[in-house]
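Thanks for coming, everyone. Let's put the structure up and walk through one part of it together.

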Amino acid sequence: MTRAAAAVAVPVLAVLVGAVPAQAQTVASGSLSFSGDEGDYISGGGSYAYSTAAKDRLTVNASEDGNHVSVSVSAFNSDWWTVDLAAPSGTALTAGTYDGATRWPFQGANAPGLSLDGNGRGCNTLTGTFAVQNVVFGPHGYVQTLDATFEQHCEGGTAAARGEVHIANPPAPAELGIGLKVATDGTASTLNGNAYLHGTVECTAAAQVTLSGTTTQVKHNVIIRGNYSVPVACKPGAPVPWKATVVPTGTTPFQKGKAEVVTQATALDPNYNTNVSVDDTSVVTLVKS
């Protein structure tokens with residue numbers, strides 16, 4: 001197919017933002033192509049073809065639940081197009097044919113959603129159908145594979161735009177894993193009343209982990225409590241030691257004896273831009289120091 005010049009364009013109507021990952025995923029290998037009948041508003045009756053092999057930039061977004069996929073093209077010749085495919089609400093896209101599609105994201109709960117727009121052109125209303133031949137998702141809306149065809153009619157017209165999209169990415173990276181250990185021994189300073197804790201953190205990828213927690217001790221019917229927060233530069237391969245100082249919030253110092261330590265380790269997954277956290281509740285025996 002050849003790239004046809006677009007007819008005079010009008011602004012696309014604003015659309016709602018769907019539930020997609022924070023970052024668009026760059027497509028390693030893929031293509032988007034479509035053509036239209038004479039009188040089809042989107043294509044202007046022309047044919048268009050874009051691919052990563054032709055140095056066109058393709059990105060893909062998907063919702064966490066796999067319900068919706070959006071593929072965008074930023075072409076070498078400055079064209080820009082987006083195609084959205086969505087299964088009926090509450091279901092994930094799978095291989096199959098989706099008839100009765102209407103404009104995404106305004107389709108009814110039981111209807112699939114579809115939209116092809118770009119170069120300043122979009123449908124106010126549309127009807128159509130699309131077929132998914134293959135789709136493979138990873139965590140957090142990662143799209144590994146997508147092969148689909150679609151047909152779209154603007155404003156109830158008979159003229160149609162018909163096309164196909166193909167996405168091939170490497171297998172999804174593993175999600176960040178965090179292992180947290182709070183040592184069961186600690187110290188209570190007789191000098192300043194602080195408690196001193198330690199432990200280790202493990203992670204499956206390099207990440208900045210924030211440890212935050214609360215230490216609680218009861219002595220002579222008095223509750224002694226303090227909070228702490230400490231950053232840990234975690235690297236995979238071996239446990240990384242950490243230490244924390246807990247300053248009591250009141251005037252009663254931490255003392256020799258058992259204390260409950262509640263800790264949360266949180267880090268940003270570098271692959272999926274999502275927060276990962278693990279929790280730990282341990283009983284720590286404090287000794288005088």
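Start with strands β10 and β11. β10 covers residues 143-154, and β11 covers residues 161-168. They run antiparallel, joined by 8 bridges. Look for T145: across from it, in β11, stands A168. Keep in mind that this is a predicted model.

Now step over to β9. What joins β9 to β10? There are 11 bridges, and again the two strands run antiparallel. One position to find is V132, which stands opposite A148 in β10.

V132 has a bridge partner in β7 as well: G96 pairs with V132 of β9. Strand β7, residues 96-103, and strand β9, residues 126-137, are antiparallel, with 5 bridges.

Back to the link between β9 and β10. These two form a hairpin, with 5 residues between them. In that turn sits H140, and its phi is positive, about 55°.

H140 takes us to another loop. T274 lies between β18 (257-268) and β19 (275-288). H140 is among the residues in contact with T274, leaving aside sequence neighbours within four places. The others are E64, A267, L268 and D269. Is T274 buried or exposed? Its relative accessible area is 17%, and the cut-off for buried is under 20%, so T274 counts as buried.

Last, zoom out to the whole sheet. It is open, has 11 strands, and its pairing is mixed. The order is β1-β4-β5-β6-β8-β7-β9-β10-β11-β2-β3. Which strands are at the edges? They are β1 (25-26) and β3 (47-51), and each pairs on one side only. Now trace β7, β9, β10 and β11 in that order, and you have today's path.

Methods: Residues numbered from 1 in each chain as written. Predicted model: local features only at pLDDT ≥ 70, side-chain atom pairs only at ≥ 80, totals over all residues. Heavy atoms only, no water. Pairing = 2+ DSSP bridges. Helix = DSSP H or I, 4+ residues; strand = E, 2+ residues; numbered from the N terminus. Buried < 20%, exposed > 50% of the residue type's maximum accessible area, 1.4 Å probe, protein only. Contact = heavy atoms within 4.5 Å.
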